Every structure is written in C-alpha cells, then in structure tokens.
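This report concerns the aromatic rings of the structure shown below and the charged groups placed over them.

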Amino acid sequence: MRPPLRSRDITRTALVIAGIGFVAYGAFLVLTTVGTASIVGLGLWLAAAVIVHDGVFVPVVTVLGRILFGPRTAPEPDSAMTSESAEHARGHRILAARRRPPVRNALSDRTALFGHRALAVTRALLVAASLVSAVVVPEIWAQGRGAANPTILPGDYAGNLLVLWGVVAAASVIVLTIGLIAARRRR
Amino acid sequence: MPRRHTPGHLPNDRLTELRSSVRERLGAPRPQSVHEHTPDSTHEQTTYSAQKQTHDSVRGPRTAVVIGRLLGLTFVLCFATGIWSHYLQDPLPWMRFPTRPAVLYQVTQGVHVAAGLASVPLLLAKLWTVYPRLFTWPPITSAIHALERGLTGVLVASSLLELTIGVMNIYHWYAWPFSFRTVHYALAWVIVGSLLAHIAFQLPTIRQHWRSRPSPRRGDAAVDVSEVDTGPAPIDRVQTDHVPADSVPADHVRTAGSDRRAFLASVAAASVAVVGFTAGQSTRFLSAFNLFGPRRYGDGPQGLPVNRTAAAADVLTTAADPAWTLEVRGNGIVHGFSRSELEAMDQSTEDIPIACVEGWSTSARWTGVRVRDVLTRSGIDPHSRLRVTSLQTRGGYAVSEMGPEFAADELTLIALGLNGEPLDLDHGYPARIIAPGRPGVLQTKWISTIEVIG
C-alpha cells in the first residue's frame, strides 16, 4: 500500500479531481450520443470484458502456466542439490503433488532437468507467442466470417500464426536441449 | 511452522524472498492467494512489495511500473492521434487543420492503430502483474479507497473494451450493439480520466519503482519502507537493519530478477511483433513483414485497397450512367460539369495516400481537376466550406464536409484517374474527392454534388 491520499497533497488531489472530470465528460458523451438501447449493450460489453478477462482468461492462463512451469517464485536449486532435496523443494508443485514414484521425480522436475535459464527463455517465448495470438486469433475468426471485399483480410493469418508457433516451438526445443546438456554437465 | 523461520531484520524484499525460499526448501505449502488469512498475512498485505515477492516474482510494483509506463505511452499516443482523427471528421466551427504534409493523417492514424495494437500485450501483461490485488482484503478500507478501487474498475473495464472493439474494428468485425465511433471516442475520455486518477493514487509507488531496485544501503532501505508503507490500515513498520549483500542467497535474488526481466522481454517482444507484423499494411517499407495486417499495401484494383465497393454502395448503375454530371452549387447558382468537361480542364497529377481510419494506407497517384479551379469556374470563392454528396444510397459516409483550408489547397482534387488509368468503379468512378492529410472516409467517392455551406 501507499500513503493514502490526503487533502494536503495538492498535486495528487488535483490530478484525481481532473481525472474524475474527464471520466464525467466521457459518461456525459455516452449519455448524450449513445442511444438508450445501446447504453444497455455497452454496459453488458463492459461487464463481459471484465468477466471474461478476470474470470476466465487469467485463471486459465494461470493453470496452464502452473502445469507447464510451476509457480514462478521457485528459486533455482543448487546444482549440487540431490534429486531427493530437489523433490522437497518442488513438493508443492502441481505435477509433483500427484505423488509420482520417486524414480520419476527427476523427470517431473523441469528446473533440475533443464536449468532455470532455459526454462525462463522457453516461458518467455511461449508468453510472447501467446500475446501475439491474442491479437491474431480474433483476426482469423473474423476472416472465417467472410469479408465484404477481397482487399479486407487478404492474408493467410492462420498459416502465418502456425509458422510463428513453429518457430517458437523450434527455438524452445533448441533452448531446452542446450539447457539439458548444460545441466547434465553440471552434475 | 515454517513461518517461525522468518528472519527478523532484513529489508522487505529480501526478507520475503528468503522467507519463500525457506518454505520452498522445507517443502511447505505456500500461501496460494493474497486473501488468505494467516496471522502475519496482515503485515504482508500492507506492503505491496512483500505481497508480490511472496506469491510471484513477476507480479510486483516494479513490473507494474515498467509496463505501466509503456502502456501510458501507447495510450497517450492513441488518445492524441484519436482526438486528431475525431476532430478532422467532426470539426468544431472554428477549427482549421494543416494540409501538409500530405501524409500527415497516414502517419497519425498509422500510429493510432499501431499503438493500439501494441497496447494489447501491454494491457494483458499489466493486468497480469496486478491481478492478485483484485482480491485485496478487506476490499475497501475507506471512502478514498473505495473511490480508488471504483476508478480502477472503470479504467480496467473501459481499457479492455476499448482495445477489444478497436482491434475487432480493424478486422471489420462489428459485433457490438452500439456505434463504434461514439463509444470508442467516449471511452477514450473515460480511460484518460481514470488513468489520470490512477496515476495520482499510485504516484508514490510509481516514484519508488521508477528506477530498478537500487543496491540496498542502510538509509535507502529504511527510507523506502517508511515512505511507502503507510497505508490507511494501521501499519507494522518493518525495522530494516543493514544486511550485507552476501547474507541473502544470491541465486534467489537473481532468479526472481531474471524471471521479471524475461517476462518484460516477452511482453516487449510481443508488442514489437504485433506492430512489426502489421505495420506493413500502411507502409511499403515493412510490407514484406506484413504477416498479420488486415490489409495489404498496394492490394486491390489499380493497386489500392477498397473499403466499400461500388456494389456495396449500390452505385453500379448511377455511377456508370453516361449522363452523370457533377453539380456545383453556390451563391444561388448551380453549375453542371460532365466528366468530359472536367477532363477538358487543367489536369493535375499528385501523389496522395488514401489513409483509412482503420490504420491501413496506400499511396497513389491521382489525376484530376483541382477543387479550387472548379469552384473558381463556378464563381465561388475557393476559401469556402463545402458539403460533398455521393451517389451512394447505402452505407455511411455518403456525405462529407470539407473546410476551406482543404478546398483551397492545390493538392485537393476531383480525381478522375488513378495510377495512370481512369478511376476504377470501386475507387469512385466517375469522380471522387482526394485531399491531403485527411481520413479516407472523407475522401468521398462517386460524388454527385458539391455545395457551399459557408
């Protein structure tokens, strides 16, 4: 938390009041230029945007991220760490928590297997490609609905997105392989 | 209990990092969400930095500030260029606009859409970094806090919707039950206002995390904590004594830092990729990388993309009618110009881009008569405000207005030809308006009348 806004903090107070003024102007524009039926639609779309993002999008991404990588706070285990202590360190992870037999623990522990850096690079690649997809997937959908003339949405967006994911997948495999070799050498 | 292992005299970030690493090594379950109540979680909630370090090395004020700055920049670019575009289309009576450079609107609207597209990864990342704060407990601590959270909700909802409909609009996917332009414009003001308030509320956090975490010195750490951690709730001030750097396991700090940097790099890469792979729709320079642009530079009949075809505007018969004449009305007199009469006048050839509100643009070589010549021939002062009406009976933008600064400009043409050929029917045959520095929706096609309105 931060210091609360106090009336003596003139700059911040003025900014907040100016901000509220702009918001009010925006609301005034909505009320005067958007028809009543449309205002209801607008309200539904605003609510849907928040619900879809906060209630669906983020939880799904969170679960996917945990399945693939585990929680982000996990520190890098010492290279000298035995697989037994690594198991302890990773005990809380979703996959590890499935009580796999000890023999398989080394495999389920991605950090020990590939090294932290290789995993971080892979995750960054996947995050970037997913963010790009957030823009392109609606485009592919819109293209599927059909365009009014051939100069609108003329590209092979699905093909290009597949190529992008192919490049990301190939780069991830390379990075993970390098990480795997480096981690083995450290042991 | 693992919490007993918490060391007592460390600066906040390190304290929590160490704490989490201890839990980690003991295989203890960590708190999974911010609103979990444990005896010392009250303390954790009062300190933003503590909160973030406990749960996710990426979710924290430093990440939020770094992404917030970029998002603030793209939002300001969008707002400024959006206001420009808005007033070009709906000018107040006293407004005059520069007509040079001719590519001005191509640039401003290209920036508008590029910055909007870059904002998508940035906004998603920004919301990701602060998501746990949605569940802050107690949800409201004071009237001011309620105001802050309310305005944050307004900011989040309107930003999400603004970008959603903006992106869908450039894909021609009009799924919403309201007018795009009025809502996109009104939401822009709501966003700017709530963003201003958000910055004001967060100013101390922004200032504290503007630069990356400085190396911990005794004074700094103590000042940092006392400056920042005086929330409305009673505060448990953390005593921060100096700790030698080597007393905290270096790899844990490094890991958290590198996670954060990797996250920021991926978000930056996504924003650059989204812009780089679409900007080729508005500039020949990048057209080789146009993987995802909704338009293709130089595509379409006569090397120019089309928004509304002649068929869609329902002008196939009226535009092809040999009896077509352009009516010019002013001072109570009506002058008629047939296409051959226009062709017989002084012709100019100019390179002027068609720049759409959707951000795509293509430069083209137009041939035709200067509007000011036609006005002079009709006994009208070229410095007049004009209303141009199209033959089209279907779809919007059948009527446009033109300020005197555009009417009198030597680049403003009644175009009859395009790229060396007679104008294609889809580009406005028999005649269309083309003027420098204006949105494509004002470059009225299939014109039938030009009248003086002031």
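## Exposure of Tyr174(B) and Trp176(B)

In this predicted model, Tyr174(B) is partly exposed, because its relative accessibility is 44% and that class lies between 20% and 50%. Trp176(B), by contrast, has a relative accessibility of 9% and is therefore buried.

## Aromatic pairs in chain B

Over all chains, the count of aromatic pairs is 14. One of them joins Tyr174(B) to Trp176(B): the ring centres are 6.0 Å apart and the planes meet at 75°, so the arrangement is edge-to-face, given that angles over 60 degrees fall in this class.

Trp176(B) also pairs with Phe180(B), with 5.6 Å from centre to centre and 35° between the planes, a tilted geometry. Phe180(B) has a relative accessible area of 18% and so counts as buried, the limit being under 20%.

## A cluster across chains A and B

Ring pairs also connect residues of both chains into a cluster. Chain A contributes Phe22(A), Tyr25(A) and Phe28(A), while chain B contributes Phe79(B), Tyr185(B) and Trp189(B).

## Charges over rings

In chain A, the ring of Phe69(A) has the charged end of Arg123(A) over it, at 5.3 Å from the ring centre. In chain B, the charged end of Arg59(B) sits over the ring of Trp128(B), at 4.1 Å from the centre of that ring.

Notes: Residues numbered from 1 in each chain as written. Chains lettered and ligands numbered in written order. Predicted model: local features only at pLDDT ≥ 70, side-chain atom pairs only at ≥ 80, totals over all residues. Heavy atoms only, no water. Phe/Tyr/Trp six-rings, centres within 6.5 Å; stacked < 30°, edge-to-face > 60°. Buried < 20%, exposed > 50% of the residue type's maximum accessible area, 1.4 Å probe, protein only. Lys NZ or Arg CZ within 6 Å of the ring centre and 35° of its normal.
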